[in-house]
Amino acid sequence: MSESGLMWIEKYRPKTLDEVVNQKETIDGIKSLLRTPETMPHFLFAGPPGTGKSTVALCIARQLMGESFRKLVLELNASDERGIGVVRERIKGFSQIIQSAPSGVQFGLVILDESDEMTKDAQTALRRIMETASRTCRFILICNYQSGIIEPIQSRCSVFRFKQLDEAEASTYLSRICKAEKVEADQKALARILELSDGDLRRAVNFLQVAATSSKGGHLQLSNLKEFLPEAQSELVRSMLKLAVNGDFLKARDVMYELMGKYGVSGREIIRTANREIGRIPELNERQASIVRTLGEYDFRLTQGANEDIQLSAMIAQLAEIGRK
Amino acid sequence: MQPAQNVAWTEKYRPKTTTMMLGNEEAVKAFKAWVKQWTLKKKPTKACLLVGPPGVGKTTLARAGAKDYDFRIVEMNASDVRTEKAIKEVLTPATTSTSLDAFSTGSRGNLILLDEVDGVFGREDRGGLGAILAAIKDSPLPIILTANNVDDERFDDLKKACIVLTLYEVRPRLIVCLIKELLSAESKPLPLTVVKRLAAESHGDLRSAINDAQMMAISKNATLRSNRTRELDERDTLREMFAGKGLGASRRALNETEIPLYRDELLLLLHDLLPYVYTSKEKLANAYDVLSRADIGYGKVGASRSRGMMPPPFNLPRRDRAPEWSLLPAALNELASVGLQEPDQDLKHVLEVAPRISRKIPDRFQYRLWALDHLCGRVARACHLSKRKALQDIVPTLIEIFRIDDVKGREIAAGLELEERDIEFLVSESKTQPPQSGPQELLDPTGFKLPYMGKDKFIQLMRAGISYDRNSGKFVVRRLDSLDTVEERLAGILSRPVKFARPGEDAPAPEGSITQECYVDGQQVPCDKCEFLQACPTHLIPSLKFCLCDDTVADPKAYEKYVGKNTSEAGPPKAAKPAKRVAARKKH
């Protein structure tokens, strides 16, 4: 495998805890807990996307188990492995593997990403699984919102919060990548990249890679910066909002279907993006308050186990009604 | 003996042997073969599941078949409570203590008939299906099951464990013959026309036809009709719901509808139609609000749901708990009140023009979404992410890199250990995006050419609302007000996106304003200030960029104005070349 053939987010993912930028207090706390590996507690990492939660989890695995850590780590995504039954089965199988592993292995590591996406019922079941598997496994739960995790699980874990990235440190990090990739980057261009990526370092690195690929000769300047946002959808979401408020229900619904059908964006994701984009549509400034209220209402309704098509269409109908007033 | 009037003819003349059965000859033959196997040494392992609408003779066939081969029937029907326990109680003695019975009654033994197994669901019957399955597996005795409908996925296991025989509606001609025979046997004649009508109206339900015939014959009143509720089909259900007769009538329609209410089919149907039924924004918003609540109600019930737009794995149904059927009535009440406002559009028209978007779009994107899912899975594993995040962050990045530099893209793809099909997908994506680039070919709906595609496709085209003009050798869209629908269908047939030129689209109006304008009395009135908005069909026909309110046209002055100099074109307004007409009217 050639060195250039990698996603930069993987290539420059920190390998040890010391390399992780910007989360000094958190890292210090974790390190002190890892001083005696056998007493490692379960961890709960909470924080916004792209701040290094998964990276830290992988660093811990590497530190405890060495380079062959992959066999001893079970990575699960709560949003992919739907249903607690699947999670239970995987963890059960995994702890059997750990038990039969060569001596010297104290425990396996289960990294459960996006655990706040699990239902409350599933989390209650997870709590039991954590207890029964705790002899052979340690858990690292990762979530965006700590409030999405039920109290009993929180009390079983050492909770660490990851803070939003500091612009200066993120910028140094990007410069370091540029240096390694022999890309001459303008400070202003880097600042623009960080601004557009909303403090999400993963997004920033992706952006940088796209920009670097498109810049000929390795010169990256603000003037020739190819503006690229990973969500092709944000543009569509904006046009959906505009169409809706202007009262063109059918067209707005078509855009919604394109988002969902063609790009596989979930309903809640659309609403989340809409919430972020609403401030960027100057025409809708006057009605912002009522629009945001509607978005919130339907975000809530979606959590009630409802059908996405119907709920989002209903939302568009409400937005059209707002536009009429 | 009792007077004949007091015995139901359906019982009196119930066939005693399979040779007396009417209709469904194949199913009868197959069933007989199955029962016969049980009398031989080598016994079949499977049970027999008879599926068919009510009144076609499922139970009769089971009984007659048992009698043919001297089996004694042990019966359980839907009125029994079919918990696991109840089923076991009946099955265990019946399945184990056979030999003694066989000697004492001279029969070959017991045959178990479980009637209406599709009624086994919900709380009361918890475990019922499981118990039936277990019984089928272990049973040394033949088991016959009957059901009206086993399409639901709950029955998949059952279908595997059984030989499924389907019975169909009995042909009306046969029903006429039979009823004539019964009438002459009872010497109670009825006019042939009445018998024929009876047969036609029974929809193949032999039992109801016989019952009706008996009632008419005995009361000697050919006009007497039974009040049996006939299931309302989709169209009638909707008509009742939007008829404005109040919540009670609408709720009753739901009771009688044939649309299965334990799934969200009706919700999706309403979802397709609502924007066409209610063209005023206020009503639409209200109706959708109610629909959304009904939908939440369904969500709380937690029954199996169609997956909406997205196929799995993007939208897997969560099944953390059993359905709460007790919550369904509340949801149904909400659902019944969706159509309480007076419709803006005639329902018949709506059913014609409204595309069934919730059914079509999933099919169209299905393959794409599966490809996307595979790719996301790969990327997710390589980058320690969830598929969702991979979809959001990495996949667009990859597509962008592929667009800029194919070689580099392939290197990265290799690094991510993507498969060839993933790379193909990325390459094709990078070429098609961004959508706005490149002018799209616009077809003229009043005459466009297509390559020769063979007879089958040609027939499909005709069905999609396109006709062929032999003189010009071009295809023509029959109804210009349903361009969207035709586009959708044509795209499906040609398997590529198709766009029709919309009259007046060459000058797109500035974004942000409502483009359709009324020309009442020669004035331009924006839609939101128009007093005819409620009656306006303009919303329905997006291709029209100017107003054609019925009110406007009905007003003779305005109509004159509308027709303008082109009096030769008088008649129902068509959507052709409005831009020109507007210009003409302005001059006028």
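## Confidence first

pLDDT is the predictor's confidence in each residue, on a scale from 0 to 100. You need that idea straight away, as this is a predicted model: local features need pLDDT of at least 70, side-chain atom pairs count only at pLDDT 80 or more, and totals for chains, interfaces and linings use all residues. As for names, residues are numbered from 1 along each chain as its sequence is written, while chains are lettered from A and ligands numbered from 1 in the order in which they are written.

Chain B has an average pLDDT of 70, and 63% of its residues score at least 70. So where in chain B is confidence lowest, and where is it highest? The low end is helix α23 (residues 550-554) of chain B, with a mean of 41, and the high end is strand β1 (residues 47-51) of chain B, at 87. (Helices, H or I with at least four residues, and strands, E with at least two, are DSSP runs numbered from the N terminus.)

Two stretches of chain B deserve a careful eye. To read them, take two residues to be in contact if their C-beta atoms, placed from the backbone, lie within 7 Å. Residues 97-104 of chain B have a pLDDT below 50, and this stretch has eight contacts in the model beyond near neighbours in sequence. Over residues 307-320 of chain B, pLDDT stays under 50 too, and here the model has 37 contacts beyond four places in sequence. For the complex, the predictor gives an ipTM of 0.77 and a pTM of 0.51.

## The two chains in outline

Chain A contains 14 helices and seven strands, and chain B comes to 25 helices and 11 strands. A word on "buried": a residue earns that label if 20 or more other C-beta atoms lie within 10 Å of its own, it is exposed with 12 or fewer, and it is partly exposed in between, with C-beta atoms placed from the backbone. By that count, 47% of the 325 residues in chain A are buried, and for the 588 residues of chain B the figure is 35%.

How much of the contact network links residues far along the sequence? In chain A, looking at contacts with a separation of 6 or more, 74% are between residues 24 or more positions apart. In chain B, among contacts between residues at least 6 apart in sequence, 70% join residues at least 24 apart.

## A helix pair in each chain

In chain A, helix α7 (residues 167-180) and helix α9 (residues 201-214) pack at an angle of about 35°, with their axes 11 Å apart. (Axes are lines fitted to C-alpha atoms, for helices over the stretch in contact, and angles run from 0 to 180 degrees between N-to-C directions.) α7(A) contributes Ala170(A), Leu174(A) and Ile177(A), and α9(A) contributes Leu201(A), Ala204(A), Val205(A) and Leu208(A). Sorted by class, that is seven nonpolar, no polar and no charged residues. (Ala, Val, Leu, Ile, Met, Phe, Trp, Tyr, Cys and Pro count as nonpolar, Asp, Glu, Lys and Arg as charged, and the others, Gly among them, as polar.)

Over in chain B, helix α8 (residues 172-185) and helix α10 (residues 206-219) pack at about 35°, with axes 11 Å apart. From α8(B) come Ile175(B), Ile179(B), Leu182(B) and Leu183(B), and from α10(B) come Leu206(B), Ala209(B), Ile210(B), Ala213(B) and Ala217(B). The classes here are nine nonpolar, no polar and no charged residues.

## One side of a helix

Which residues of helix α11 (residues 234-241) of chain B are buried? They are Thr237(B), Leu238(B), Glu240(B) and Met241(B). These four sit on the same side of α11(B) because they cover an arc of only 160° around the axis, the arc being that of the directions from the helix axis to the C-beta atoms. Their cover includes α12 (247-256), α15 (328-336) and α16 (347-353) of chain B.

## Three residues to find

Leu295(A) lies in helix α13 (residues 288-303) of chain A. It counts as buried because it has 20 C-beta neighbours inside 10 Å. Leaving aside neighbours within four places in sequence, Leu295(A) is in contact with Ile271(A), Ala274(A) and Asn275(A).

Next, look at Glu114(A), in the loop between β3 (108-113) and α5 (120-133) of chain A. Its phi is positive, about 50°, although it is not a glycine. His384(B), in the loop between α17 (357-383) and α18 (387-404) of chain B, also has a positive phi, near 55°. Glu114(A) counts as buried with 22 C-beta neighbours inside 10 Å, and His384(B) counts as buried with 20.
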